[in-house]
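This report describes selected parts of one protein model. Please keep the sequence and the 3D view at hand while reading.

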Amino acid sequence: MDYIRKQKHLPNKPIGCKGRINHSQETFKLGFFQVWSIIAGILHLGNLKFVDSDSTSGDCHVTNSDVLKDAAKCVSVTPEQLHFALTSQVVAARGDVVAKTHDVNAAYYTRDALAKAVYDRLFTWVVEKINESIVVEKTSRYSKGTVIGVLDIYGFEIFGTNSFEQLCINYCNEKLQQLFIELVLKQEQEEYEREGIQWSKIDYFNNKIICDLVEQPRTGILAVLDDACASIGNVTDQIFLEELNKNLHSHKHYTSRGLKQTDKSMKHDEFKITHYAGDVTYSVNGFMDKNKDTLFQDLKRLMFNSQSPLLKSIFPDGAKKMTEVNRRPPTAGYLFKNSMSTLVAQLASKQPYYIRCIKPNEEKSSAAFDVERVEHQVRYLGLLENVRVRRAGFVQRCTYERFIQRYKLICPETWPNPRGGSPRDNCSKILRHVGLEEDCVYGKTKVFIRTPQTVFRLEELRSAKLPDIIIFLQKHLRGTLARRRYKEKKAVYYIMGVYRRYKLRTYIKGVIEAYRGVKDMPDLGKNIRLPTPPVVLRPFVEKLKVMHQRWRAATILARMPPYLRESLNEKLAAFSVLNGKRERWGYTRSWKGDYLSQSEEPTYNPIKYRAAMLAMKTSHPYEKVLFSTFFQKFNRFNKSSLRALVITDQFVAKMDTVNFKLLKQPVPLQNITAISVCPEPNGLFIIHLSDNDIIGCMKNPKDEERVGELVGVLLAYFEKTNMKPPMVHVSPSLSVCLGGKTRAVRIFPADTTQQAVFKKNGNDIDLICHNLTAV
């Protein structure tokens with residue numbers, strides 16, 4: 001691109017700023033594609049080439065039509081429209097429309113004017129968009145007092161050849177220097193006078209005379225330039241210079257070769273202005289062209305009629321009709337002067353802070369310091385006047401109220417608050433206490449400090465006192481926080497207590513409702529399921545369940561018939577091992593235990609039994625007969641006979657059924673290891689001993705099932721005496737140990753009229769019996 005190729009200061013390699021470009025595009029609400037398209041169109045305009053036509057009319061045309069098409073496409077117009085606007089001009093005068101063609105030079109001039117205008121207005125549009133995005137609305141919760149603005153301006157420019165651009169830049173610096181003088185230097189001296197402070201006044205250069213030289217109406221440089229541009233006829237830059245010499249010949253800050261022929265440093269087309277930063281020589285060549293608005297109305301109309309909404313919006317002045325006479329547009333100097341006036345008014349209404357940037361060298365090196373270059377910048381920035389005023393005055397000034405508020409903690413008389421007196425008196429107490437009053441001067445509303453050492457000393461004393469103040473504040477704050485935490489914790493515990501009591505009451509009410517009417521329940525509340533109690537109520541609930549179980553047991557016992565209530569412990573013991581395993585085990589009848597001592601058995605004389613048991617107490621002591629009955633026994637010799645089985649609290653004995661004589665030595669109860677019974681109620685039982693078990697089938701005239709009673713009596717007694725109870729096996733397949741040999745017992749059903757019979761079957765034992773009918 002020709003426009004870019006002409007810029008020699010651009011870097012050879014592209015800068016990696018893709019991320020920043022993407023971020024910038026996202027920031028703009030309007031599609032940024034139009035901006036890139038317009039910039040591309042400007043670059044394509046710079047590549048257009050013109051040549052003279054073959055005709056004698058003096059017109060020209062574009063040689064590279066492909067570039068013309070690309071440029072037209074980027075700015076959203078047709079190639080024909082763009083070609084016509086660049087190679088010709090339409091002028092309206094008193095209702096007549098006159099078209100004239102351009103030669104090659106005029107075409108290039110028109111092309112460059114269009115590119116500059118589009119770029120200038122596009123740049124202004126971007127600035128406006130940025131300002132719109134950061135503006136503080138009146139309805140916003142932020143006020144304009146909370147806004148910080150940053151103004152970055154170009155510095156003073158002095159080149160080998162200085163033109164109209166350098167005049168505008170240096171004029172801008174003059175205006176800002178004038179503002180700096182008014183806001184800083186002048187205000188400094190005025191403040192001392194206003195406060196009644198005695199000090200040696202410093203004269204400084206006021207550059208208002210230079211600003212007037214450039215901007216003054218009718219006689220100023222910009223005014224004379226505008227008049228020259230508006231004049232009809234062949235007015236050149238040299239005529240403009242002559243007009244300047246005529247109007248400014250007596251001004252002490254202006255001179256030229258025409259006014260001072262002996263000054264060989266200036267050429268005949270140059271003039272010199274003595275700025276606050278030094279003398280600058282300007283060349284008038286190109287002044288008038290750069291000041292004029294050279295953008296023809298044809299080009300404005302072309303951009304307004306573009307299909308690009310962005311181009312249409314930045315060229316609103318192109319809406320005029322072709323026959324409408326156009327007013328002379330404002331010049332660049334006029335626009336720049338008005339812009340500077342607005343900027344100065346804005347800055348004057350704010351509280352500015354100045355940051356002066358000084359370049360140490362031209363190589364951008366951190367290790368080089370060009371003294372001459374730095375001195376030049378310091379002089380041109382006007383820092384010498386500022387330093388002279390500051391050195392002649394006071395380094396620090398502060399209102400009495402602010403001074404007291406900051407330094408009252410270093411004086412006991414003013415801490416924590418002054419005790420009477422005016423702000424000036426209290427300020428004097430602080431300075432007198434620290435011995436720094438001689439270096440300070442009291443004004444009407446402020447205290448002024450001469451040397452920075454005094455300020456440093458005040459800050460040191462304040463910093464040394466701050467830890468004590470901080471500890472004091474921390475102590476009170478911690479106390480406040482501790483009291484607040486205590487109150488909050490106390491409130492939490494109170495709420496917790498109330499809630500706990502509420503939970504307890506709610507749970508107790510639930511328990512009361514659960515047990516309400518428990519007497520009338522069929523199971524007396526056996527299936528009641530209480531909800532999970534609170535932790536504090538768990539021991540109470542456990543005790544409550546135990547109480548309920550005891551009450552339920554007592555109620556069941558109270559409701560139990562007398563015949564069931566008798567031998568309850570024995571029945572419970574039998575229930576624990578036979579329930580669900582044996583068909584019937586006689587728990588519904590009355591258990592009498594020593595059946596042989598009663599007269600219910602018609603087949604024998606109970607008196608003989610009682611006498612025999614009484615005599616046995618002498619030879620084999622015991623206290624009580626737990627159980628007795630007749631049974632059909634089977635021994636190791638394969639013999640079966642009717643015997644009497646007697647179980648006392650000490651032993652198990654077998655006796656004959658006539659005289660009730662003891663047949664063998666009784667077996668101590670401790671020798672019983674297990675008891676085996678059948679699931680069917682057939683009277684069969686096996687008492688397992690060490691090597692010779694007792695096997696038999698109970699017999700009684702009532703045909704009652706008494707095996708369950710035998711089991712219950714033995715288990716209950718073992719439990720009562722804290723002895724290890726024997727195991728109880730309930731199985732249809734039984735085995736017995738007789739004479740040290742294990743033999744299987746097989747059961748065969750018999751008629752109800754047939755008595756139980758044991759028979760040897762090889763190594764096994766067969767029992768032929770019937771089930772007992774009575775429970």
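## Strand 11 and its partners

Strand 11 is mostly covered, since 10 of its 10 residues are buried. The model in which this is seen is a predicted one. Strand 11 spans residues 625–634. Nine bridges link strand 11 to strand 12, and the two pair in the antiparallel sense. At one position of this pairing, Thr-629 stands opposite Leu-645 of strand 12. The hairpin made by strand 11 and strand 12 has five residues between the strands, and Asn-638 in that hairpin takes a positive phi near 65°.

Strand 11 also pairs with strand 17: these two run antiparallel and are joined by five bridges. Here Lys-633 stands opposite Gly-696, a residue of strand 17. In a regular strand, side chains alternate between the two faces of the sheet.

## The eight-stranded sheet

Which order do the strands of the open sheet follow? The order is 14-13-12-11-17-16-15-18, and the pairing in this sheet of eight strands is mixed. The edges are formed by strand 14, residues 667–668, and strand 18, residues 727–730, each of which pairs on one side only.

Strand 12 covers residues 640–648 and strand 13 covers residues 651–655; four bridges hold this pair in the antiparallel sense. Leu-645 has Lys-654 of strand 13 as its bridge partner. On the strand 11 side, Leu-645 stands opposite Thr-629.

## Helices on the sheet

Two helices can be followed against these strands. Helix 23, residues 606–619, lies across strand 11, strand 12 and strand 13, and runs at about 135° to strand 13.

Helix 24, residues 707–720, packs on the sheet as well. Helix 24 touches strand 11, strand 12, strand 15 (674–677), strand 16 (684–688), strand 17 (694–699) and strand 18. The direction of helix 24 makes about 135° with that of strand 11.

## Helix 4 and helix 5

Another helix contact lies elsewhere in the sequence, between helix 4 (residues 65–74) and helix 5 (residues 79–87). How do the axes of these two helices cross? They come within 8 Å and cross at roughly 105°. An angle of 65 to 115 degrees counts as roughly perpendicular, and helix 4 and helix 5 are therefore roughly perpendicular to each other.

The residues that meet are Leu-68, Lys-69, Ala-71 and Ala-72 in helix 4, and Pro-79, Leu-82 and His-83 in helix 5. By class, this contact has five nonpolar residues, one polar residue and one charged residue.

## The start of the chain

Met-1 sits in the segment before helix 1, which covers residues 2–5. Is Met-1 buried, partly exposed or exposed? Its relative accessible area is 36%, so Met-1 is partly exposed.

The C-alpha atoms of Met-1 and Gly-46 are 6.9 Å apart, although 45 residues separate the two along the chain. Apart from neighbours within four places in sequence, Met-1 is in contact with Leu-43, His-44 and Asn-47.

## The whole protein

The protein contains 24 helices and 22 strands. Of its 775 residues, 41% count as buried. Among contacts with a separation of 6 or more, 57% join residues 24 or more positions apart.

The accessible surface of the protein comes to about 46500 Å². Carbon and sulfur atoms account for 55% of that surface.

Conventions:
Residues numbered from 1 in each chain as written. Predicted model: local features only at pLDDT ≥ 70, side-chain atom pairs only at ≥ 80, totals over all residues. Heavy atoms only, no water. Pairing = 2+ DSSP bridges. Contact = heavy atoms within 4.5 Å. Axes fitted to C-alpha atoms, helices over the stretch in contact; angles between N-to-C directions. Parallel < 35°, antiparallel > 145°, perpendicular 65-115°, else oblique. Nonpolar A, V, L, I, M, F, W, Y, C, P; charged D, E, K, R; others polar. Buried < 20%, exposed > 50% of the residue type's maximum accessible area, 1.4 Å probe, protein only. Areas by Shrake-Rupley, 256 points an atom, 1.4 Å probe, with all protein chains shown as cover.
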